[in-house]
Amino acid sequence: MVGVEFKSVEEAESFYHIYSKIIGFSVRKNQCRKNQAGIVTTRSWCCSNEGFRRTKYIKNPNRVREPRSEIRIGCRAMFRVCYSKITKLWVVKEFRANHNHCMATDMQKHFLRSHRKISAAELEQAKLLKEAGMKTSEIWNLFVHQNGGWDKVGCTKKDLYNSLAAGRRGVDDLDANTTLTFLQSKLDIDPEFFYAYMVDEESRLTHLFWADGASRFDYELCQMPLVVLVGSNNHGMTCVFGFALIQNETAETYTWVLQKFLECMKDKLPETILTDGCRSMNKAIEDLMPSVVHRTCSWHILNNAIKHVHEEGFVGELRNLIKRYYSVDEFDLRWNKMLLDYNVENNEWAKALYSSRHQWADTHLRGSYFGGSTATNRCESMNAFLKRFLDEKLPLWRALQHCEHGLAALRYGELGKHATDKLSTPVLKRTSMSEIEEQFASIYTRNMFL
C-alpha cells in the first residue's frame with residue numbers, strides 16, 4: 001500500500017473511508033501538517049479506537065451521569081499521505097492495517113460513527129416535513145421506507161433528532177386571546193365542540209383542552225382492545241412475544257389468547273407473569289398456568305389503596321411491604337401493625353389484598369425473576385410506543401402492518417445495543433475487585449453490568 005498515489009487529499013480520504021467500511025471499523029482525522037504558506041502537506045487518518053480517553057474525563061468526582069462507553073483502546077491502525085512536489089500527487093507514506101479489536105459485522109457497520117451522515121437533501125426534506133407537523137419518529141420511518149431498510153438510511157435515528165434540534169428555530173409566544181377567539185368561533189360551526197382553559201394569577205394561559213364533535217362521538221364508540229404480550233431481553237429492553245386483537249375482555253377470551261400463545265410457543269410455559277390484576281386474566285392464568293409464578297402490578301395495588309383507604313401514610317407503609325424483603329413472620333407482624341395503626345382491620349379490600357400477598361409482596365416472591373419490574377410500566381410504555389404507529393381509522397390489515405413496523409423499530413434498537421456492546425467497552429469504576437469487575441463486564445450486556 002505504501003507508495004500508492006492519489007490525485008488529491010480528498011481522494012485519499014475517500015479511499016480510506018471506503019476501505020474502513022468494507023473492513024468494519026470507524027475512522028477519524030488525526031494529524032495535519034502545513035508548510036510556512038499554510039498549505040497542507042501531510043494528512044493522516046486513524047482508527048476511532050486509537051489512543052486512550054483522558055483520565056480527567058473518567059475520574060470526575062462531580063459526574064452526574066455515567067460516562068459514555070469507551071472506544072479508545074490504543075488501536076494503532078492508521079493511514080498517512082504526503083504531498084509530492086515532484087509528481088504533484090499525494091503519496092501513501094504509512095499504512096498500518098492491524099487492529100487490536102474486533103471488526104463490525106455487516107449488520108453493525110451502519111452504526112459506525114464515521115459512516116453515518118444524513119445527506120443535505122434528506123435534512124432539508126426532514127425540516128420541511130417537521131414544519132408540516134410530522135413527528136421526528138414519523139420522518140425517520142419515512143426515510144427507512146424510502147431507502148429500503150434501517151441500515152440503508154445512512155444515519156441513525158438519534159442522528160436525525162440531533163440534526164433537526166441543531167437547526168431548530170425559536171417559536172413565537174402564543175397569542176392567547178386570538179386562540180380563544182378562534183375556539184369560540186368553532187362553536188358556531190360545531191355545536192358539540194368543547195373547549196376549556198386555565199390561566200395563572202397573571203392571566204397567562206397555562207392549560208388548554210379542546211375536542212370537536214367528531215372526537216366526542218369517536219370516544220363513545222366501542223373499540224377492540226389490542227393485547228400485547230411483552231417481556232425483557234438481556235439488555236433490559238422490551239421484547240414482544242405476540243399480539244392479540246380481541247372483541248371483549250372476559251375470562252373466556254383471555255383463556256383463548258393464552259391457549260394460542262402456548263400453542264405458538266410449543267407449550268413452553270413462562271417462568272413468571274406480571275399483570276395489572278385484571279380478574280378475567282387472573283382466572284385464565286389460574287386455569288391454564290397454575291404452576292407459573294404470577295405477580296400483580298404494584299402501581300395498580302397502590303392506586304387501589306388510595307381509593308379504598310383514606311388514611312395519610314398508609315400507601316407508604318404498604319409500598320414498603322411490597323418492595324422490601326422480610327421473613328414471613330416479620331411480614332405478618334408488620335402487616336398487622338399497619339392495620340392497627342390505620343384502623344383498617346375490618347377493611348374488606350385490605351383483607352382481600354392480604355389473601356393474595358403471594359402475588360405482590362417481595363417477601364413471598366423471593367427467587368422469582370421479573371426482569372427488574374414490579375409494575376406493568378413496561379406494558380404501558382409499549383402501548384404508548386405502538387400508538388405512534390396505529391390509528392383507529394386504519395383498516396385492519398394496515399394496522400397489522402403498522403404493528404410490524406413498531407416491532408421492527410424495537411428490534412432495530414436492540415441491534416444497536418448489540419453493536420454498542422461489541423464495539424466498545426464500559427468504563428470500569430476500578431474497585432478493589434478489578435479482575436472480577438473486568439470479567440463481569442465481558443460477560444454481561446452493558447445495561448445489566450452498569
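Biologist: What makes you wary of residues 217-223?

Modeller: This is a predicted model, and pLDDT stays under 50 over residues 217-223. The model has 4 contacts beyond four places in sequence for that stretch. Where pLDDT is low, the predicted coordinates should not be read in detail. Residues 169-174 are another stretch with pLDDT under 50, and there the model has 3 such contacts.

Biologist: And what does pLDDT look like for the chain as a whole?

Modeller: The mean is 82, and 83% of the residues reach 70 or more. The chain has 450 residues, of which 35% are buried, and its secondary structure comes to 18 helices and 11 strands.

Biologist: Why is Leu-415 called partly exposed?

Modeller: Buried means under 20% relative accessible area and exposed means over 50%. Leu-415 comes out at 21%, so it counts as partly exposed. Leu-415 belongs to helix H16, residues 396-423.

Biologist: What does Leu-415 touch, leaving out residues up to four places away in sequence?

Modeller: Met-107, His-110 and Phe-111. Take Met-107: 308 residues separate it from Leu-415 along the chain, yet their C-alpha atoms are 8.1 Å apart. As for the chain in general, among contacts between residues at least 6 apart in sequence, 55% join residues at least 24 apart.

Biologist: How do you know that S10 and S11 are paired, and in which sense?

Modeller: Two strands pair if there are at least two bridges between them. Strand S10 (residues 272-275) and strand S11 (residues 293-296) have 4 bridges, so they count as paired, in the parallel sense. One of the bridges links Thr-275 with Thr-296 in S11.

Biologist: What kind of unit do S10, H9 and S11 make?

Modeller: A right-handed β-α-β unit, with helix H9 spanning residues 279-288. The buried residues of H9 are Ser-280, Met-281, Asn-282, Ala-284 and Ile-285. Their cover includes S10 and S11, along with helix H8 (251-264).

Biologist: What makes S1 and S2 edge strands?

Modeller: Each of them pairs on one side only. They belong to an open sheet of 5 strands, ordered S1-S5-S4-S3-S2, with antiparallel pairing. S1 covers residues 5-6 and S2 covers 27-34.

Biologist: How many bridges join S2 to S3?

Modeller: There are 6, and at least two are needed for a pair, so S2 and strand S3 (residues 40-47) qualify; they run antiparallel. Lys-34, for one, has Val-40 in S3 as its bridge partner.

Biologist: Which residues have the most contacts inside the largest nonpolar core?

Modeller: Phe-314, Leu-318, Trp-335, Met-338, Trp-349, Leu-353 and Trp-360, in a core of 21 residues. The elements giving two or more residues to this core are helices H10 (298-308), H11 (314-323), H12 (328-341) and H13 (348-355). H11 gives the most, with 5 residues.

Biologist: What does Leu-353 touch, again leaving out residues up to four places away in sequence?

Modeller: Ile-301, Leu-318, Trp-335 and Trp-360. Apart from the largest core there is another, of 17 residues, which includes Val-144, Val-153, Cys-155 and Leu-160.

Biologist: What share of the accessible surface belongs to carbon and sulfur atoms?

Modeller: That share is 53%, on a chain surface of about 29100 Å².

Methods: Residues are numbered from 1 along each chain as its sequence is written. This is a predicted model: local features need pLDDT of at least 70, side-chain atom pairs count only at pLDDT 80 or more; totals for chains, interfaces and linings use all residues. Side-chain values use heavy atoms; hydrogens and water are left out. A crossover is right-handed if, with the strands pointing away from the viewer, the path from the first strand over the helix to the second runs clockwise. A nonpolar core is a set of buried Ala, Val, Leu, Ile, Met, Phe, Trp, Tyr and Cys residues joined through side-chain atoms within 4.5 Å. Buried means under 20% relative accessible area, exposed over 50%, partly exposed in between (1.4 Å probe, protein chains only). Contact means heavy atoms within 4.5 Å. pLDDT is the predictor's confidence in each residue, from 0 to 100. Accessible areas come from the Shrake-Rupley method with a 1.4 Å probe; for residues, only the protein chains shown count as cover.
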